[in-house]
Amino acid sequence: MSMSMLGDILLVDLTNRKITKRPYTQELANQYIGCRGYNVALLWEMVPQGTDPLSPENVLIFGTGPLTGTSAPSSGRISITTKSPATNLYLKTNVGGAWGGEIRFAGYSYIVFTGKADQPVYLWIEDDKVEIRNAQHLWGKDVRATEHILQQETGYGDLKVACIGPAGENLVRFAAIMCSNYNAAARGGAGAVMGSKNLKAIAVRGTQPVEVAEPARFKELIDAAWELYHVQSGALNTHIYGTSGSLSAVNEMHILPTYNFQSGYFADANKISGEALVEQGYLKRRVGCYSCPMSCHRYSEVKKGKYAGSYTGGPEYETFSALGSGCGLSDIEAIIRANELCNIYGLDTISTGSVIQWAMECNQRELEFDRDGLNIAWGNADAVIKLIEKITYRQGFGNILADGVKRASEVMGQNSEDWAMQAKGLEQSRVETRSAYSYALAFMVNPRGPDHLMTETLAEFGMSPEMIDVIEKVTGDKKYATPYTTEKRPEIVRWHEDVYAITDALGLCAFTSTAQYYMTPKLMADLFSAAVGIPCREEKAMMLGKKIVAMERSFNTREGATRLDDRLPKRLMTEPLKDVNDRPNINSLEVMGPLLDRYYEMHGWDVASGRPTRKTLEEYGLKAWADELEKLGFLPC
Ligand code: SF4
């Protein structure tokens, strides 16, 4: 197997405008798989403890997996890793679309940016030609315009562009990196890190197919995977109605975050659902990421009325909840417009909605603050849209919101941190964890903060035969396929986090393995083996998943994080979910503490501090990591 089969690592020193290459070897793949796995190893090695995330000393790592860009289903995913300006902790943000595959077609597996350019630049990649180019003319441009200008300039109408919008340039702490006008590496502020480096875009054109070590075996496995995709349940509905096809059912269960998590029920939910998009004619087309049969994405447009001409990728479930029910907004056309603005400005829709609904609750409670001339009342579409602009350009009250809800509540005071829906500094994604205990635990221990895109534990809802089978496999009994119990939650979280880590590390979409559940750990181990040419059984793949999770924990440990950081937003831990008395309805420490104990025990981490032990790290071959933590006084005795 040639070295280049796994792609090269591009090291781009922006300060000195120096580009170097080295191979991503089988040996590295054997240790880290790829993508999310090797990303965290690089982050540990390159970012010293205490680094300011927005300083040149931070690094920005774009990692593909060994399956990215192959014919495996849903294999267009990459992970972007950096130190988060939202949390000052580890950040992995995953994104689909076609950009990741193109990087592999150009012959690369990683791009690692260090330093800071002295003026705006973009990286140009055309197969083996790589240049740092001037981007002065792109600075200030939105995502749609940036992509268009670069396609025009280069003459490649299908050029793949990852870029930031004005939000990233203005260092909004929840700015996204957009891989096309739709696919967002949204969470945790990676866009602000890119902006802090004066890096506007990475434009790539690749022309070579991705090679695998054992083509015949790989093809057999891929054929089996596509077959499995077609026989499993649930995919068709997601294809037809998208992720927002679940919104009405979630609302009926009284777990749709509404009015900043003050309620789990939105009376107008049927107006902002996936079904409404289709049935009322807003759906323009369904789209998928590279090599994805499910195509859960969609483009929506507004043809007439106040928002005529608006068109956007989405809205997804998370966006409908963040900018819709969370803000008390049921005007679907206004939500499409708000989603469009977030996409072209390069903002995370979840955090954007969270800061706006926090402000709306401040208004509801009649706090004293400068409203910047806006009527920040529940359901006011104009306020939502104006605030998105003010956040992007850091104008007036928007400047306070642009630093995220944790920092905004510190500025506001008046007890407003009580309804700031964040933990570790990240705004919680749109899952009502007070009635779903695997999710609650997974969100608490998530190294980047409370959200679903590190460890999705959908199976606890038992909504499909595949989900029930997974719960039986993991816990020994189907009866645990319910979100309303605390029993066996650590076991369910543990399995899902390992599987999620492998999925990310390979470059696959998590829908395949932790939502649809057809991509099993065994199948992923076989695909990895055939792609890379390394023997790998299910047990080894799961061990590598555990190792990745331990590495991420170690990074946060080195930054000083402990068990005390494994929390959910205060409201969820102290206020019961309203109108829900037929099942558990709070994430208090009394309820969650024993689950944390068991979770740390299962990891081989110290229960008192939540930190990895030497024994556990050495089992994963991470002795040097244990040594460094010990030197800093962070290794449990
Ligand atoms: S399932 Fe959806 S998010 Fe995942 S790869 Fe396919 S289109 Fe992209």
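Here is a walk through this structure, from its ligand to its cavities and a few unusual backbone spots. Before we start, note that the model is predicted, so local features need a pLDDT of at least 70, side-chain atom pairs count only at pLDDT 80 or more, and totals for chains, interfaces and linings use all residues. Residues are numbered from 1 along each chain as its sequence is written, and side-chain values use heavy atoms, with hydrogens and water left out.

Let's begin with the ligand. Around it you'll find S74, R77, G288, C289, C292, M294, S295, C296, H297, C509 and F511 (a residue is near a molecule if one of its heavy atoms lies within 4 Å of it). Sorted by class, this shell has 6 nonpolar, 4 polar and 1 charged. Here Ala, Val, Leu, Ile, Met, Phe, Trp, Tyr, Cys and Pro count as nonpolar, Asp, Glu, Lys and Arg as charged, and the others, Gly among them, as polar. C289, from that shell, has 15% relative accessibility and so counts as buried (buried is under 20% relative accessible area, exposed over 50%, and partly exposed in between, using a 1.4 Å probe and protein chains only).

What about bonds between cysteines? The structure holds 0 disulfides, a disulfide being a pair of cysteine sulfur atoms within 2.5 Å. Take C536: its closest cysteine sulfur, in C35, is 16 Å away, so the two are too far apart for a bond. C536 is also buried, at 7% relative accessibility.

Next, have a look at α17 (437-445). Helices (H or I, at least four residues) and strands (E, at least two) are DSSP runs, numbered from the N terminus. How many residues of α17 are buried? The count is 9 of its 9. The cover over them includes α19 (489-506), α22, α23 (570-574) and α24 (589-603).

Follow the chain on from α17 and you reach the loop leading to α18 (465-475), where T455 sits. T455 is buried too, with a relative accessible area of 6%. Apart from neighbours within four places in sequence, T455 is in contact with A442, V493, H496, E497 and Y500 (contact means heavy atoms within 4.5 Å). Its C-alpha atom is 8.3 Å from that of T514, although the two residues are 59 apart along the chain.

Now for the empty spaces. On a 1 Å grid over the protein atoms alone, a cavity is a set of points where a 1.4 Å probe fits but cannot get out, and lining residues have an atom within 4 Å of a point. Grid points are joined across faces, edges and corners, and a volume is the space filled by probe spheres set on the points. There are 5 cavities of 30 Å³ or more, and the largest has a volume of about 100 Å³. Its lining has 13 residues, with V445, P447, E497, V549 and Y599 nearest the centre. α22 gives the most to this lining, with 3 residues. The second largest cavity, at about 70 Å³, has V445 and P447 among its lining residues.

Finally, some backbone oddities. Most residues other than glycine have a negative phi, and most peptide bonds are trans. G314 and P315, however, are joined by a cis peptide bond, with omega about -5 degrees. Y259 isn't a glycine, yet its phi is positive, at about 50 degrees; Y259 is partly exposed, with a relative accessible area of 30%. D372 has a positive phi as well, near 60 degrees, and counts as partly exposed at 24% relative accessibility.

Notes
1 Å grid on protein atoms, 1.4 Å probe; cavity = no way out; pocket = protein on both sides within 12 Å on 5 of 7 lines; lining within 4 Å.
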